[in-house]
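Subject: Structure handover

Hello,

Here is the structure I said I would pass on. My notes on what was found in it follow below.

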Amino acid sequence: MLKIRLKRFGRKKQPSYRIIIIDSRKPRDGRSIEEIGFYNPITNKSQINLQKAKKRIHQGAQPTKKIQQIINQLKKQN
C-alpha cells in the first residue's frame, strides 16, 4: 500500500521534511516514488501539490495524520 508521509532532512535539531509518496513497508528516509511538497515545522511553512496528492489518494494512497492536517490547512487558505 502507498502512503503519503514525511521524509526528514535538514540539520540536527533543525528538522525539515519533504512530503513524499512511498510504499508503506519502506523506511522513513527510503527511496520515494514521488515528492509532492515540503513542510518546515520551525517556521510552520508548507507547500504541497494538491493535484498530485488528490490523484494518489484517489488511487488508494493513505495520508498520515500530519499530512491530512497540512492538506486541510492549505484547503482553508485557498
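A residue is called buried here if its relative accessible area is under 20%, and exposed if that area is over 50%. On that basis, 36% of the 78 residues of the protein chain count as buried. Please keep in mind that this is a predicted model.

Overall layout

The protein chain has two helices and five strands, and along the sequence they follow the pattern β-β-β-β-α-β-α. The radius of gyration is 12 Å, close to the 12 Å that the globule rule gives for 78 residues, so the protein chain is as compact as a globular protein of that length. Its C-alpha trace spans about 35 × 30 × 15 Å along the principal axes. Of the contacts with a separation of 6 or more, 31% are between residues 24 or more positions apart.

The sheet

The five strands form an open sheet in the order β4-β3-β2-β1-β5, with mixed pairing. Because β4 and β5 stand at the edges with a single partner strand each, one side of each is left without a neighbour in the sheet.

Going through the antiparallel pairs:

- β1 and β2 run antiparallel and are joined by 10 bridges; G10 stands opposite P15 in β2.
- β2 and β3 are also antiparallel, with five bridges between them; R18 has F38 in β3 as its bridge partner.
- β3 and β4 are antiparallel and joined by four bridges; N40 stands opposite K45 in β4.

The hairpin of β3 and β4 has four residues between the strands, and N44 in this hairpin takes a positive phi near 60 degrees. As for β3 itself, five of its seven residues are buried, so this strand is largely enclosed by the rest of the structure.

One residue of β2 to look at is S16. With a relative accessibility of 15%, S16 counts as buried. Leaving aside neighbours within four places in sequence, S16 is in contact with K7, R8 and F9, and also with Y39, N40 and P41.

The helices

Helix α2 covers residues 65–77, which makes 13 residues. From its first C-alpha to its last it reaches 19 Å, close to the 18 Å expected at 1.5 Å a residue. Which residues of α2 are buried? They are I67, I70, I71 and L74. Seen down the axis of α2, these buried residues fall within an arc of 100 degrees, so they line one face of the helix. The general background is that an α-helix has 3.6 residues a turn, so residues three or four places apart point the same way. The face of α2 turned away from the buried side carries the exposed residues K65 and K76.

What do the buried residues of α2 pack against? The list is β1, β2, β3, β4, α1 and β5. I70, which lies in α2, counts as buried at 1% relative accessibility. Not counting residues up to four places away in sequence, I70 touches I19, Y39 and S46. The C-alpha atoms of I70 and I48 are separated by 8.4 Å, although the two residues are 22 residues apart along the chain.

In helix α1, the residue to note is R56. R56 is buried, with a relative accessible area of 17%. Residues up to four places away in sequence aside, R56 touches L2, I4, I21, I33, E34 and A61.

The core

In soluble globular proteins, nonpolar side chains tend to be buried together. In this model the largest nonpolar core has 15 residues, of which I4, I19, I36, I48 and I67 touch the most other members. At least two residues of this core come from each of β1, β2, β3, α1 and α2. The largest share, four residues, is supplied by α2.

I4 also has contacts with residues in several parts of the sequence, leaving aside neighbours within four places. Among them are I19, I20, I21 and I36, then A53, R56 and I57, and further along A61, Q62, P63, T64 and I67.

If you want a place to start, open the model at I70 and follow its contacts to I19, Y39 and S46. After that, I4 can be followed to I19, I36 and I67, which are among its contacts.

Regards

Definitions and conventions. Residues are numbered from 1 along each chain as its sequence is written. This is a predicted model: local features need pLDDT of at least 70, side-chain atom pairs count only at pLDDT 80 or more; totals for chains, interfaces and linings use all residues. Side-chain values use heavy atoms; hydrogens and water are left out. The expected span of a helix is 1.5 Å times one less than its number of residues. Buried means under 20% relative accessible area, exposed over 50%, partly exposed in between (1.4 Å probe, protein chains only). The arc is that of the directions from the helix axis to the C-beta atoms. Contact means heavy atoms within 4.5 Å. Two strands pair if DSSP finds at least two bridges between them. A nonpolar core is a set of buried Ala, Val, Leu, Ile, Met, Phe, Trp, Tyr and Cys residues joined through side-chain atoms within 4.5 Å. The radius of gyration is taken over C-alpha atoms; the globule rule is 2.2 Å times the number of residues to the power 0.38.
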